[in-house]
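User: Could you take a close look at the aromatic side chains in this model for me? Once that part is clear, please walk outward from there into the surroundings.

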Amino acid sequence: MAGGWALLPILICSLVALAIVFERFWALRRAAVLPPGLGTEVREWARSSKLDAAHLEALRNGSPLGELFAGALAVRDRPRDIIKERIEDTGRHVVHRMERYLNTLGTIALIGPLLGLLGTVVGLIRMFLSVMAGGIGDPTRMAGGIGEALICTAFGLVVSIPAYVLHRYFRSKVGGYVVEMEKEATALLDDLSAPRAAAPRRRAAGAPEAAASQAG
C-alpha cells in the first residue's frame with residue numbers, strides 16, 4: 001500500500017517469476033533430462049534390433065534424451081546423412097522445450113527496474129503535486145511521495161536481480177545438457193552407421209574371390 005498502484009505490476013511479475021523458477025527447477029532435473037545409463041541401454045537395443053513402435057514411443061515420452069534417441073532410431077535403416085538430419089531436427093524441438101518460459105523470465109528481469117523507475121516517477125510526481133497544493137510546510141506529504149518512490153525502486157530491483165541470475169543459470173544449464181546430448185547422439189549415430197559401413201566392405205572383399213572362382 002505504501003508503494004502505490006505502481007507496485008502491483010511488480011508484485012505480479014514476482015509471482016510469475018517464482019512460478020517459472022520452480023517449474024524449471026523441476027523440469028530441468030538431470031535425472032529427468034539425461035537419465036543415467038540410457039545411452040548405453042539404447043545402443044545395446046539398437047545392436048540387438050530389439051525395437052518396435054511401442055518401444056520407441058515409450059522412449060520418446062520418457063525424457064528429452066529419449067526423444068532424441070527415438071528420432072534417430074525411427075530412421076535407423078536409412079543412410080547416415082538422413083539419420084543425422086533427423087537428430088538435428090529433433091534436437092531443435094527438444095532444446096526449444098527445455099528453454100520454455102525462459103524468455104518470459106528474462107523479460108521480467110528486464111522490465112523489473114523499469115517498473116520500479118515508473119513507481120519512482122509516479123511517487124515524485126505525487127510529491128511535487130502535494131508541494132504545489134500545500135506548500136512545503138507539511139513534510140509528511142513530501143515523505144509520502146519519497147517513500148512511494150523508494151519502495152517501488154527497491155521492489156523492482158529485488159524482483160529483477162534474482163530473475164536475471166536465474167535466467168542465466170537456466171540458460172547455462174540447458175547449454176550443458178545440449179553438449180552432453182550431442183555426445184550421446186553422436187555415439188548412437190556411429191553405432192547405427194557401423195553395420196551399413198561394414199557391409200559394403202565385406203561385399204567388396206568377397207567380389208575378387210567370386211571372380212576367381214568363376215574363372216577357375
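Analyst: Happy to. In this predicted model, the charged end of Arg-29 sits over the ring of Trp-26, at 3.8 Å from the ring centre.

Ring-to-ring contacts come next. Three aromatic pairs are counted in the model. One of them joins Phe-25 and Tyr-169: their ring centres are 5.9 Å apart and their planes meet at 40 degrees, so this pair is tilted. Phe-25 belongs to helix 1 (residues 7–27) and Tyr-169 to helix 8 (residues 139–215), so the pair ties together parts that are 144 residues apart in sequence. Phe-25 has 35% relative accessibility and therefore counts as partly exposed. Tyr-169, at 39%, is likewise partly exposed.

Phe-25 also pairs with Phe-170. Here the ring centres are 5.0 Å apart and the planes lie at 70 degrees, so the pair is edge-to-face. Again the partners are Phe-25 in helix 1 and Phe-170 in helix 8, so this contact ties together parts 145 residues apart in sequence. With 0% relative accessibility, Phe-170 counts as buried. Taken together, Phe-25, Tyr-169 and Phe-170 form one aromatic cluster.

Helix 8 leads us on to the largest pocket, since helix 6 and helix 8 each supply at least two residues of its lining. That pocket has a volume of about 310 Å³. Its lining is made up of 13 residues, and those nearest the pocket centre are Leu-68, Ile-87, Glu-88, Glu-182 and Ala-185.

Helix 6 deserves a look of its own. It covers residues 80–98, and at 1.5 Å a residue its 19 residues should span 27 Å; the end C-alpha atoms are 26 Å apart, which agrees. The buried residues of helix 6 are Ile-83, Ile-87, Thr-90, Gly-91, Val-94 and Met-98. They cover an arc of only 115 degrees around the axis, and that puts them on the same side of helix 6. The spacing makes sense: an α-helix has 3.6 residues a turn, so residues three or four places apart point the same way. On the other side of helix 6, Asp-81, Arg-92, His-93 and His-96 are exposed. Ile-87, then, is both one of the buried residues of helix 6 and one of the residues nearest the centre of the largest pocket.

Following the chain onward, the loop between helix 6 and helix 7 (102–134) holds Tyr-101. Tyr-101 is not a glycine, yet it has a positive phi of about 75 degrees. Its relative accessible area is 39%, which means that Tyr-101 is partly exposed.

Going back along the chain, helix 5 (residues 64–73) is largely enclosed by the rest of the structure, because nine of its ten residues are buried. These are Leu-65, Gly-66, Glu-67, Leu-68, Phe-69, Ala-70, Gly-71, Ala-72 and Leu-73. Leu-68 from that list is also among the residues nearest the centre of the largest pocket.

Finally, the wider setting. The protein chain has eight helices and zero strands. Of its 216 residues, 33% count as buried.

Terms used:
Residues are numbered from 1 along each chain as its sequence is written. This is a predicted model: local features need pLDDT of at least 70, side-chain atom pairs count only at pLDDT 80 or more; totals for chains, interfaces and linings use all residues. Side-chain values use heavy atoms; hydrogens and water are left out. Helices (H or I, at least four residues) and strands (E, at least two) are DSSP runs, numbered from the N terminus. The expected span of a helix is 1.5 Å times one less than its number of residues. Buried means under 20% relative accessible area, exposed over 50%, partly exposed in between (1.4 Å probe, protein chains only). The arc is that of the directions from the helix axis to the C-beta atoms. Rings of Phe, Tyr and Trp (its six-membered ring) pair if their centres lie within 6.5 Å; planes under 30 degrees apart count as stacked, over 60 as edge-to-face and the rest as tilted. A charge sits over a ring if NZ of Lys or CZ of Arg is within 6 Å of the ring centre and within 35 degrees of the ring normal. On a 1 Å grid over the protein atoms alone, a cavity is a set of points where a 1.4 Å probe fits but cannot get out, and a pocket is an open set with protein on both sides within 12 Å along at least five of seven lines; lining residues have an atom within 4 Å of a point. Grid points are joined across faces, edges and corners, and a volume is the space filled by probe spheres set on the points.
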